[in-house]
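Let's walk through this one together, starting where two chains meet and then heading inside one of them. Have the viewer ready.

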Amino acid sequence: MEKAIKRFWPVFVIPTFAAFAIGFIWPFLQGLYLSFCRFITIDTAQWNGIQNYIYALTEESFLHSFWFTALFTVVSTICINVAAFAIALALTRGIKGTNVFRSVFFMPNLIGGIVLGYIWNILLNCVLTLLGKPLLSLHAPYGFIGLLILMCWQQIGYMMIIYIAGLQSIPNDYLEAARIDGASDRQILWRIKIPNVMPSITICMFLSLTNGFKLFDQNLALTNGEPGHLTEMLALNIYNTFYGRSGPSWRGYGQAKAVIFCVLVVVISVIQLRATRSKEVQQ
Amino acid sequence: MKKFLALGLTAALSLSLLAGCGTPSDPSGSSDPGGSDPGTAANGSVYYLNFKPEQDAQWQELAQIYTEETGVPVTVVTAASNTYEQTLTSEMAKDVPPTLFHINGLNGLLNWKDFCYDLTGSDILGELSSDSYALTEGDATLAVAMAVESYGLIVNKTLLAEAGYTVEDIQSFDDLKAVAEDITARSGELGFAAFSSAGMDSSSDWRFQTHLANLPIYFEYEDKGVTSTDAIEGTYLDNYKAIFDLYINNATCEPAVLSSMTGDDSRNEFLAGEAVFFQNGSWEYANLVGDGLFTDNDLAMIPIYIGVGDEANQGLCTGTENYWAVNASADPEDIQATLDFMYWCVTSETGTNAMCGGEGAMPSGGTGMGFVIPFNGGLEPTNLFMKQNDEYTAAGKTPVRWDFTTIPSQTWKNDLSSALTAYAAGTGDWDGVVSAFVDNWASEYAMLGA
């Protein structure tokens, strides 16, 4: 068997690698190049040096989007993970109907972001109308809270499944031994369960952090950046720069913003992975 | 043997994977019925990237007929609604780019002028009924209008009569205000409102941040005798406020909920007889009479009066945002084929019937496109609102130009829309609108050259 793998590895690796190179590496490099250009279509690009980056880094709305996105990412990561972990704990206790609950919590994740955005837009606006408050797209704090509710509703179920898998993989011996030694529920949670699900926490943190940072569909459908770009997150800002404006410079600006965005996401997720990995324990 | 089979299968799989990553389908394959027949056909071919999804079927049919008549292959691809700019950007980068495409006035020209073939001296330019329907830069004519449209206040005459008025009673902004406020005062008894909702959702806000905004821009330009400016003063913004206030305070809904109201909401209210007035254009005609709810006798379009200028002689807002441009980077043969196709569309009997006709105008018996085309061979309009536009003009009234094509950017429009929405809901004030109108105009114009 091993011999066969040695002989045939190119058959397995090359197609995938080729697809990866064509579908990812090449476009990425081209995108990097275009971020230094003015262009309308990609084959008529003209070199523009670092002008695009200078513009992107000094544009007020882009900086606002960055801080808005950062705030949203932090708050949503905390909310989603705390809630998902709590539900996972509750649903691993063997209460009746556990499977039904798990399915129900997971379901929102099966609906696409745009659809969810429009549904929640209608729901939240109805509630706000009944309360006599300004609608989502008129009041930035409500827009922020609306986005948060939407993201939590969509993501908690997915993270919950990962946490449940983590909790179930904790050997029962540990828990029994702890109980026999007289550990309280709180001690079991903090000393045994959490250290043992650290790998799940790592992956869930990674997913919710990057999801929060890269949020686009929900932002577009729920608030569309209103009022006056105040709830415009980075991805939507880039999209609006690229397509909302006319002239070759704007394509370049948008592209430069996209590269900055990509670097940000990579840096933040690497830091987060390092931080949580170091807390993982071997079973 | 098994090993070879597995190897073969893997290779096949990888090939199909690679093929999937290649250039998406060559457009000339999709709807090209005739193919190029070297015996009879000229060497060029036409690839038309159509802007209006609602006319796709007619263009496909016309393309097929043209190919049968001349042997020149014509491919028509229609971009999905609201994605024209994205589609055009990616199509232009392909090996077989569109030879005929749309640009939406000066802003579109900014993006695409390097791709626009200079139409000076071409047959199609000779057919244009007025020079004002061409987009020029310097000496070059880069695009020609392909359809002219009008907008104004669409009136449900039946409801207006129920309220005790006729269209003739409204000859000025003061008349309109009096009628609207009277209807609002009696709305409980009448059972309908004056205006359909002025929705500020993106499907509807262009009616106010672009079309309604055109009026203060137009009158300011008229005063100064200019056709564009890099710094608008907002001389008539008080009138803009007055008409917008009139819309939102005499409507089917509260001003606070306008941010979530859509274009469909507004149309449905009008169709359901909940409102007398509906600000929209001749393109809505098919939607209004299509379901048989209204006939031509129920409807009329009146000018949008804002209390400025010579209101007695004000006509509908008439102009165009639909321009045809020919791709300068296409092969010379394809450019010639495209010019011939355009010429045929606006001069031949089949072409003009299809473009201008209504019910049964297509050779297959289908409904025509119903355009009013700015070419000498254009037919009489079948669209009620365009007929009215002709009547207004014949009665000596001056159409209001579409000066909104000089608005510096989409961002200007969107920011104005935000400010109007906040003003309507009471979370912002009118100063915000003035700032979005005047200050942003200057800053956006400054960025145009950037």
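Keep in mind that this is a predicted model. A good place to start is a charged pair: R251(A) makes a salt bridge with E85(B), and their closest N and O atoms sit 3.9 Å apart. The cut-off is within 4 Å, and the rule finds one salt bridge across the interface of chain B and chain A. Polar contacts add to the picture, with five residue pairs counted between the two chains, both partners at pLDDT 80 or more.

So what does chain B bring to this side? Helix 1 (2-21), helix 4 (84-92), helix 5 (106-112), helix 18 (410-425) and helix 19 (430-448) of chain B each give two or more residues. Helix 18 has the largest share, at seven residues. By type, the chain B side splits into 14 nonpolar, 14 polar and four charged residues.

Now for the extent of the interface. In terms of contacts, 32 residues of chain B meet 33 residues of chain A. The buried area comes to about 2600 Å², with carbon and sulfur atoms giving 62% of that. On the chain B side, Q86(B), N111(B) and M447(B) lose the most area to chain A, together 17% of what that side buries.

Next, step into the interior. The largest nonpolar core holds 80 residues, and F195(B), Y240(B), F277(B) and F437(B) have the most contacts inside it. Zoom in on F437(B): beyond its sequence neighbours up to four places away, F437(B) touches A213(B), P216(B), I217(B), I232(B), L237(B), Y240(B), W412(B) and L416(B). There's also a second, separate core of 37 residues, including W59(B), L62(B), M355(B) and M369(B).

How values were computed: Residues are numbered from 1 along each chain as its sequence is written. Chains are lettered from A and ligands numbered from 1 in the order in which they are written. This is a predicted model: local features need pLDDT of at least 70, side-chain atom pairs count only at pLDDT 80 or more; totals for chains, interfaces and linings use all residues. Side-chain values use heavy atoms; hydrogens and water are left out. Contact means heavy atoms within 4.5 Å. Buried area is the accessible area (1.4 Å probe) that two parts lose on being put together, summed over both. A salt bridge is a side-chain nitrogen of Lys or Arg within 4 Å of a carboxyl oxygen of Asp or Glu. A polar contact is a pair of N or O atoms within 3.5 Å; within protein, one must be able to donate a hydrogen and the other to accept it, and residues adjacent in sequence count only if both atoms are side-chain atoms. Helices (H or I, at least four residues) and strands (E, at least two) are DSSP runs, numbered from the N terminus. Ala, Val, Leu, Ile, Met, Phe, Trp, Tyr, Cys and Pro count as nonpolar, Asp, Glu, Lys and Arg as charged, and the others, Gly among them, as polar. A nonpolar core is a set of buried Ala, Val, Leu, Ile, Met, Phe, Trp, Tyr and Cys residues joined through side-chain atoms within 4.5 Å. Buried means under 20% relative accessible area, exposed over 50%, partly exposed in between (1.4 Å probe, protein chains only).
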